[in-house]
Amino acid sequence: VTRAALERQESRGAQFRADYPEKSADFGKVNIVVSKDPDGGMKITRVPVVPVSPELRTVIEEMK
């Protein structure tokens, strides 16, 4: 979790960084995934955020 937070160079939601106080449009489009390399190191991958389906968007809007 900490490695992913360090990779995300922005402030968003509950994650605030004094060194990156603003939101980044680029980081808003990806999830940071950290996995274990075969050699035991950390592999960082940026995975595109899946768009919310129209049905789910409707439910979310109704709950506001």
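The following exchange goes through salt bridges, burial and strand pairing in a predicted model.

Reader: How many salt bridges does a search of the whole structure find?

Author: The search finds five salt bridges.

Reader: What makes the contact of Arg-46 with Glu-7 a salt bridge?

Author: The closest N and O atoms of Arg-46 and Glu-7 are 3.2 Å apart. The cut-off is 4 Å between a side-chain nitrogen of Lys or Arg and a carboxyl oxygen of Asp or Glu, so the pair qualifies. This salt bridge links distant parts of the chain, with Arg-46 in strand S2 (residues 42–48) and Glu-7 in helix H1 (residues 2–7), 39 residues apart.

Reader: Why is Glu-7 called buried?

Author: Its relative accessible area is 18%. Buried means under 20%, so Glu-7 is buried.

Reader: Why is Arg-46 called partly exposed?

Author: Arg-46 has a relative accessible area of 45%. Buried requires under 20% and exposed over 50%; the value lies in between, and therefore Arg-46 is partly exposed.

Reader: How do you know that Glu-10 forms a salt bridge with Arg-8?

Author: The closest N and O atoms of Glu-10 and Arg-8 are 3.0 Å apart. That is within 4 Å, so the pair counts as a salt bridge. Both residues are buried.

Reader: What makes Glu-10 and Arg-12 a salt bridge, and why is Glu-10 called buried?

Author: For Glu-10 and Arg-12 the closest N and O atoms are 2.8 Å apart, and the limit is 4 Å. Glu-10 has 0% relative accessibility, which is under 20%, so Glu-10 counts as buried. Arg-12, with a relative accessible area of 32%, falls between the two cut-offs of 20% and 50% and is therefore partly exposed.

Reader: Which residues are joined into one network by salt bridges that share partners?

Author: Arg-3, Glu-7 and Arg-46 are joined in this way.

Reader: Why are strands S1 and S2 called paired?

Author: Seven bridges join strand S1 (residues 30–36) to S2. Pairing needs at least two bridges, so S1 and S2 pair. The two strands run antiparallel, and Lys-36 stands opposite Met-42 in S2. Their hairpin has five residues between the strands, and Gly-40 takes a positive phi near 95° there.

Reader: Where is Leu-56 found, and why is Leu-56 called partly exposed?

Author: Leu-56 is in helix H2 (residues 54–63). With a relative accessible area of 44%, Leu-56 is neither under 20% nor over 50%, so partly exposed is the term that applies. The C-alpha atoms of Leu-56 and Gln-15 are separated by 25 Å, and the two residues are 41 residues apart along the chain.

Notes: Residues are numbered from 1 along each chain as its sequence is written. This is a predicted model: local features need pLDDT of at least 70, side-chain atom pairs count only at pLDDT 80 or more; totals for chains, interfaces and linings use all residues. Side-chain values use heavy atoms; hydrogens and water are left out. Helices (H or I, at least four residues) and strands (E, at least two) are DSSP runs, numbered from the N terminus. Buried means under 20% relative accessible area, exposed over 50%, partly exposed in between (1.4 Å probe, protein chains only).
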